[in-house]
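Thanks for making time this morning. I will put the structure up and then walk through a few places in it.

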Amino acid sequence: LRSHQNNFHEDVESAVKSHSSDMPVDRVIQSMSLAKQKWTRIGLPDSPLVGATQDTTVMINRITAILEHMLEVAIDGRREQEDLSPKAKKELHAYVTEIASLYNDVHYHNFEHASHVTISMYKLVDALRDSYHESGDVSFKFSKGIWKNGFTRFCLLYSCLIHDVQHTGQSNKILGDKNHIAARNFPGASAERNSIKVAIDLLFQPRFSHIRKAIIPTIHDRFEFGRIVFMCILCTDIATTERLIKVKARYTRAVNNRRKERCVGHANVEAFDPVMFDPKILRLSQRDIDENQDKMKLDEDCLQINVACEHLMQVADVSHLMQGWTQFIKFNYRLFLELNACYVDGSVPDPALTWTEGQLAFMIAYVLPLAERTGDICGDTIAQIGLADNARAHFKLWDTYGTAITQYFIAGCEDGESSDTILAKCRLLVNVE
């Protein structure tokens, strides 16, 4: 099997090198090319199949290839389900296309961000496979349940695709202050819950019946799908302190239970809080809910998968802070532009006043602890990607050059400069990819 995988990877590499940008791309080759690129080089133009792009069609095709591959893995694991039909594949492409159209043209929380997050998650999931094959045993890693269940991996990637659908470029607090319709419909995590409802409502339209049945053919699959999608997307609401505390508390509880299990042979499982998702969005009846109360709660195994999924999702969502310097600067500038737009309309204070120090504080308080926890619970290969090491390297560079780069941001914002122009200036200051 390993020999076959190596030969296949060599074939992929050969195809990538010989591919030209105007050729149609086989989806298997496309998905494998994205998985093969090194974590620190995601988005860099190592080949026409992996370089970052603002071409929506290219991004749609890449995400479709990823989702199609992982859904086929999930279906294969179900054994009794038929293979993905040509109609379902066509509908999947159409669905991703329409999701892309639902993203707003804001500076940061746009479809390019969703594409980058999805590709980053795909690389993380692929690393889980490498960790499993290299060690042969991930029994004490929470990510074992993700690797063993192709549907869980599909749900992670689907969550990345839809997680910022219809994002307005404004925080949940701003939405609440403005009495925005999303805040009225979904108090609290307004943007996140709105994204979930919009995307799943679309999935349940009759024209997507084949791909919907392929993804969630049974009531059990609907519960599983809903639970993972809700927990993954809601945990990206990192501006809400209470939500971050709950994510960390679940991590601590899962780690403590695992330690007890190692010592005495079983975990001292406590009663877990119900998973926060609305079954009715999945078109589940009250009878379905009443007959499946166990699927609304977190048992021990489910808690561990929950913790791993939340951490992988949070990493993917801010992956630019743990990859190469190019991605760090590119998306950092776009976030600055988005927050500056909020400042211009009077919604927030001037971000330029605290930008340099704020990035350092965010790295210390959120990014570094997240990277270290994720490396701890998701296997050696995830740890070897260097999430924490990359973040520390960026911290040092930003500590040295952040003040000057922030001035580039301020001038670029005033002059309407693109992220490519800002990157070019930053390379003159520090030549790091």
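Start at Cys160: beyond its neighbours within four places in sequence, Cys160 is in contact with Tyr103, Ala114, Val117, Thr118, Met121 and Met313. This cysteine is found in helix H7. Is Cys160 buried or exposed? Cys160 counts as buried, because its relative accessibility is 0% and the cut-off for buried is under 20%. His116 lies 44 residues from Cys160 along the chain, and the C-alpha atoms of the two are separated by 9.0 Å.

I should say now that this is a predicted model. As for the whole, the protein has 20 helices and zero strands. Of its 433 residues, 55% count as buried. If you take the contacts between residues at least 6 apart in sequence, 76% of them join residues at least 24 apart.

Staying with cysteines for a moment. How many disulfides are there? The count comes to zero. Cys155 is in no disulfide, and the nearest cysteine sulfur, which belongs to Cys232, is 8.1 Å away. A disulfide needs the two sulfur atoms within 2.5 Å, so this pair does not count as one. Cys155 is buried, with a relative accessible area of 0%. Cys426 counts as buried too, at 2% relative accessibility.

After H7 comes a loop. Two glutamines sit between helix H7, residues 150-162, and helix H8, residues 172-177: Gln166 is in that loop, and so is Gln170. Gln166 has a positive phi of about 65°, although it is not a glycine. With a relative accessible area of 32%, Gln166 is partly exposed. Gln170, on the other hand, is buried, because its relative accessible area is 13% and the limit is under 20%. What does Gln170 touch, leaving aside its neighbours within four places in sequence? Its contacts are Leu175, Lys178, Cys342, Asp345 and Ser347.

Cys342 takes us to helix H16, which covers residues 325-344. H16 has 20 residues and reaches 28 Å from its first C-alpha to its last, close to the 28 Å expected at 1.5 Å a residue. This helix is mostly covered, with 15 of its 20 residues buried. Following H16 is Gly346, whose phi is positive, near 85°.

Arg79 also has a positive phi, about 70°, and is not a glycine. Where is Arg79? Arg79 lies in the loop between helix H3, residues 56-78, and H4. Arg79 is exposed, because its relative accessible area is 75% and the threshold is over 50%.

On to H4 itself, residues 86-102. H4 has 17 residues and spans 25 Å from first C-alpha to last, close to the expected 24 Å. The buried residues in H4 are Ala88, Glu91, Leu92, Tyr95, Val96, Ile99 and Ala100. A general point helps in reading that list: an α-helix has 3.6 residues a turn, so residues three or four places apart point the same way.

Now a pair of helices. Two packed helices are described by the angle between their axes and the distance between the axes. For H10, residues 190-203, and H12, residues 219-234, the axes come within 9 Å and cross at roughly 145°. The crossing is right-handed. Which residues meet there? From H10 there are Glu192, Arg193, Ile196, Ile200 and Leu203, and from H12 there are Phe225, Val229, Phe230, Ile233 and Leu234. By class, this contact has eight nonpolar, no polar and two charged residues.

One more residue in H12 is Phe223. Phe223 counts as buried, at 0% relative accessibility. Not counting residues up to four places away in sequence, Phe223 touches Phe277, Leu284, Asp288, Ile289, Asn292, Lys295 and Met296. One of these, Asn292, is 69 residues from Phe223 along the chain, and their C-alpha atoms are separated by 8.6 Å.

To close, two items to take away. The model is predicted, and it shows 20 helices and zero strands. Cys160 in H7 and Phe223 in H12 are two places to look at, with relative accessibility of 0% for Cys160 and 0% for Phe223. That is all from me.

Terms used
Residues are numbered from 1 along each chain as its sequence is written. This is a predicted model: local features need pLDDT of at least 70, side-chain atom pairs count only at pLDDT 80 or more; totals for chains, interfaces and linings use all residues. Side-chain values use heavy atoms; hydrogens and water are left out. Axes are lines fitted to C-alpha atoms, for helices over the stretch in contact, and angles run from 0 to 180 degrees between N-to-C directions. Helices (H or I, at least four residues) and strands (E, at least two) are DSSP runs, numbered from the N terminus. A crossing is left-handed if the near helix is turned anticlockwise from the far one by less than a right angle, and right-handed if clockwise. Contact means heavy atoms within 4.5 Å. Ala, Val, Leu, Ile, Met, Phe, Trp, Tyr, Cys and Pro count as nonpolar, Asp, Glu, Lys and Arg as charged, and the others, Gly among them, as polar. Buried means under 20% relative accessible area, exposed over 50%, partly exposed in between (1.4 Å probe, protein chains only). The expected span of a helix is 1.5 Å times one less than its number of residues.
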